[in-house]
Structures are given as C-alpha cells and as structure tokens.
Amino acid sequence: MASETLRVPRGDVADAAGGRPEDRTRRKRYRDSKVAYLLIAPAVVLLGVFVLWPAGYAGYLSFQDWSFYKAPEFVGWKNYTDVLTDPLFWDTIKRGFVFVLLTVPPMLVLAFLFSSLVVSVSKRFASVLKVSIYVPTIVSTVITSILFVLIYDYSGGLLNWFLGLFGVSPVAWLGDPTWALVAIAVPAIWLGVGLQSLIMVAAMVDIPTEYYEAAAMEGANWGQKTRYITLPQMKNIGLYLMITGFVAAIQQFELPLVMTQGGPLDSTTLPNLFIFNHFRNDINVGYSIAAALLLFVVLGTVSALVFRFVNSEKLVD
C-alpha cells in the first residue's frame, strides 16, 4: 500500500514557524514600545517630580493666604486680583519689555554680523574668533555684574575715565534712572551674544554654497546675497533666537540684583526681581506665586503671538 503524503494547511505551518507575519510585526512593535517607555521613564519621573508637581502645587498655593509661619487658608482669586490691580507689577512688565528692546535686537544684529565675519575668513582665524566670542558666555553673571559695576563707577570707573579723555563729564551710570537700565542692558548683551553667534554660524555653514555661487555669477553683492539668500534660509533660526532671547531678557534677575538692587527709584526692577522682593519681604507668599504665574502667562502669550505672526514654516532645499 502506497504511503499517503501528510498535507498540513499553510496557516498551520506558519503558526508552527512562529506565527503569522502580522502577529510577528505586532509583537515586535510591542517590544520596541516597551523599550522606548523604559528609556523615557527616568525623564518622565524627573519631569513630574521637579516640574509638573511643583507647578501644580504652586497653582494650588496661589489661591491660598499662605506663609512659612501658618497653614494655607483659601482666599480664592484675591492674590491674582491684588497682583492685577498693583500698578508696580504692570510697571515692571513694561520695564521688562523695554529691556527686551534694549537687548534682543542688538544681540541679533551683532551675532549676525559676527557670524558673517566668521564664515568669510580662514578656518584657523574663524576658530580664534569663535573661541573669543564664546568666552563671555561661560563667565558667571555675578562676576560680570561686579566687573561692570567697576567699569561704571562714577569716580574711578574705566568708562568715565575714557569719556573724560574727550572732555565728557562723569556720568552716574547706575545712579541715574535715565541710564541705569541701559547700563544693565550692556552686560546682558555681552553675555548673550556669544551663544547666539555660534548658533548663527552653524546655520550659515549649513546653507548650500551653490546658492552663493549662482548669485555671484549673476553679479550679486554681499548685501543682495544676505537679503535674498542668507536671511530667508535662516528664518527659523532667527525665530528661535528671538523667542529665547525675549524669554531670557524679560526674566533677567542677577544683573539688576547685584548691580543696582532694582534702583534707583525702581528703574531697574525687572519682573523676576519684583517677584523675588515680594517673596523675600511679604508675609503672604501667595502674592508672589500668583505674580509668577501671571508672568508665565505673559511670556506664553507673547511667544504664541510671535509664532502666530511670524512665518515659521520649515524650509525646503
């Protein structure tokens, strides 16, 4: 009797070999997802412990009459009402925007000019320039504040000595409300222009050289290349630096604290210093927390408006 061939259905063969392709793909995706979740778990835990939970608890305390000496007492929207009706709070917000105008546009212009210089010179000289422009970035803000206080000193400062060579009378740079905020803006620019320059250098190097070669063949000069090639290609980088510069400038704290303590006549009291002074001096800490959260709303609103009105579509080569 001839032996009969045992026929096994194709589906059973696939199952015996490890399952259908769809099942294997599903299991592989499940394993990859578990690995991804394990990798991001530490970051999520740290974010929750040091960011989300403190932010949520701060929101809770902003509705309380609370201090370090008594238990929280719910007062509703009173803290927010006190902040919103405080003219000093709005004065500091306005002063913060003035400080942004004094620092962010000059930083962007200086960083652009410096990065244009770096990409146009030899590699060895470009390395020297990049190191020299980045050095102020690693200097402590407190040390920078002390340094510029000595430069601005009325009787023995370097700036007044230099102006005296041209017959200019000494100026109380940090003692005159007219000049104090401008005097603080200068070290802020000095500290921030280095990092912005390096970011712009990286963006300029990434622009294809073919664009400039084609423009040169058409007889374009440096200004035309900058207007029609460099600036459009750096649109997203410029937007990023504008937003980060705005946030950093309006939240500046160390420079006015060390150099002027907010004076004279509150002319250098920026929003963060205003909040810090209330937190340090007021019994009710809820006011300071409410002011900090309202400042967060202001920063978020302005940033969203900038993203809304500035075209930030991703460039395509």
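Which residues of the largest nonpolar core touch the most other members? They are Val-83, Phe-89, Phe-99, Tyr-152, Met-200, Met-234 and Met-259, in a core of 57 residues. The model is predicted. The points below cover its cores, its aromatic rings, one helix and one pair of strands.

**Nonpolar cores**

- Tyr-152, one of the residues that touch the most other members of the largest core, has contacts with Leu-159, Asn-160, Trp-173, Leu-174, Ala-183, Val-186, Pro-187 and Met-259, leaving out residues up to four places away in sequence.
- Met-259 is therefore both a contact of Tyr-152 and, like Tyr-152, among the core residues that touch the most other members.
- A second core is separate and has five residues, including Ala-58, Leu-61, Val-285 and Ile-289.
- In soluble globular proteins, nonpolar side chains tend to be buried together.

**Aromatic rings**

- The structure has 14 aromatic pairs.
- In one of these, the ring centres of Trp-77 and Tyr-80 are 5.5 Å apart and the ring planes meet at 55 degrees, so the pair counts as tilted; the edge-to-face class needs over 60 degrees.
- Trp-77 has a relative accessibility of 59% and so counts as exposed, because the cut-off for exposed is over 50%.
- Tyr-80 has a relative accessibility of 11% and so counts as buried, because buried means under 20%.
- Phe-162 and Phe-166 make an edge-to-face pair, because their planes are at 70 degrees, with the ring centres 5.3 Å apart.
- Phe-162 is partly exposed at 41% relative accessibility, while Phe-166 is exposed at 61%.
- One aromatic cluster is made up of Phe-148, Tyr-152, Trp-173, Trp-179 and Trp-190. Within this cluster, Trp-173 is also listed among the contacts of Tyr-152.

**Helix H4**

- Helix H4 covers residues 87-120, which is 34 residues.
- At 1.5 Å a residue the helix should span 50 Å, and its end C-alpha atoms are 50 Å apart, so the expected and modelled spans agree.
- At the start of H4, the backbone nitrogen of Leu-88 has a side-chain oxygen of Asp-86 within 3.0 Å.
- An α-helix has 3.6 residues a turn, so residues three or four places apart point the same way.

**Strands E1 and E2**

- Strand E1 (residues 64-67) and strand E2 (residues 70-74) run antiparallel and are joined by three bridges.
- The two strands form a hairpin, with two residues between them.
- Gln-64 has Phe-74 of E2 as its bridge partner.

Methods. Residues numbered from 1 in each chain as written. Predicted model: local features only at pLDDT ≥ 70, side-chain atom pairs only at ≥ 80, totals over all residues. Heavy atoms only, no water. Pairing = 2+ DSSP bridges. Helix = DSSP H or I, 4+ residues; strand = E, 2+ residues; numbered from the N terminus. Phe/Tyr/Trp six-rings, centres within 6.5 Å; stacked < 30°, edge-to-face > 60°. Buried < 20%, exposed > 50% of the residue type's maximum accessible area, 1.4 Å probe, protein only. Expected span 1.5 Å × (residues − 1). Polar contact = N/O pair within 3.5 Å; in protein donor to acceptor, adjacent residues only side chain to side chain. Core = buried A, V, L, I, M, F, W, Y, C linked by side-chain atoms within 4.5 Å. Contact = heavy atoms within 4.5 Å.
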